[in-house]
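Dear colleague,

I am passing on a structure for you to look at, and my notes on its strands and their surroundings follow below it.

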Amino acid sequence: MKEESTAGIVVAKSQIDGHGCFAAKRFRQGSRIAEYLGERISQEEATRRLRGQRRIHVCAIDDSWAIDGSRGGNGTQFINHSCRPNCTIYIYRGRIFFRALRDIEPGEEILVDYEISYHSNAKLCRCGTPDCRGRINSL
Ligand SMILES: [Zn+2]
């Protein structure tokens, strides 16, 4: 399985879940890692596409729009959740980006706290960190 990915990241098998996204170079704390690319869709379309899906590659921009990384994504759609993340998501002018929360070394899996995702609030977290809250969503 070969996945298109953006400069500085690679997609590979993850210990956490399926495929993950790994640093191919060092990212300094506070630096931008990548943009979450994909097809821009309405929230209604996101809801329709996600019905019955176990793996979710859609990320919300706001109450009206979302990006479906499974269509035209750059590898960042494989970034897994962790309750102890090393990067964070931020939205800037309707686009989604990842920023390093600390220095990230080459080979480290890039992990974000999904907080509020399209996953069911009942979906269990398997990140394995000591401070795992037990579920993916923080609600
Ligand atoms: Zn966890």
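Two strands are taken to pair if DSSP finds at least two bridges between them, and the hairpin described here rests on that criterion. Please bear in mind throughout that this is a predicted model.

In the hairpin of β1 and β2, five residues lie between the strands, and Gly18 takes a positive phi near 55 degrees. Strand β1 (residues 9-13) runs antiparallel to β2, and the two are joined by five bridges; Val10 stands opposite Phe22 in β2. As for burial, strand β2 (residues 19-23) is mostly covered, with five of its five residues buried. Both of its faces are covered, since His19, Cys21 and Ala23 on one side are buried, as are Gly20 and Phe22 on the other.

The model also holds an open sheet of three strands, in the order β4-β6-β5 and with antiparallel pairing. Because β4 (39-42) and β5 (58-60) stand at the edges and each has a single partner strand, one side of each is left without a neighbour in the sheet. From one strand to the next, the twist averages 30 degrees. Between β4 and strand β6 (residues 65-68) there are four bridges, again in the antiparallel sense, and Glu39 stands opposite Asp68 in β6. Helix α1 (residues 43-50) packs on this sheet, where it touches β4, β5 and β6, and the direction of α1 makes about 100 degrees with that of β4.

With best regards

Definitions and conventions
Residues are numbered from 1 along each chain as its sequence is written. This is a predicted model: local features need pLDDT of at least 70, side-chain atom pairs count only at pLDDT 80 or more; totals for chains, interfaces and linings use all residues. Side-chain values use heavy atoms; hydrogens and water are left out. Buried means under 20% relative accessible area, exposed over 50%, partly exposed in between (1.4 Å probe, protein chains only). Axes are lines fitted to C-alpha atoms, for helices over the stretch in contact, and angles run from 0 to 180 degrees between N-to-C directions. Contact means heavy atoms within 4.5 Å.
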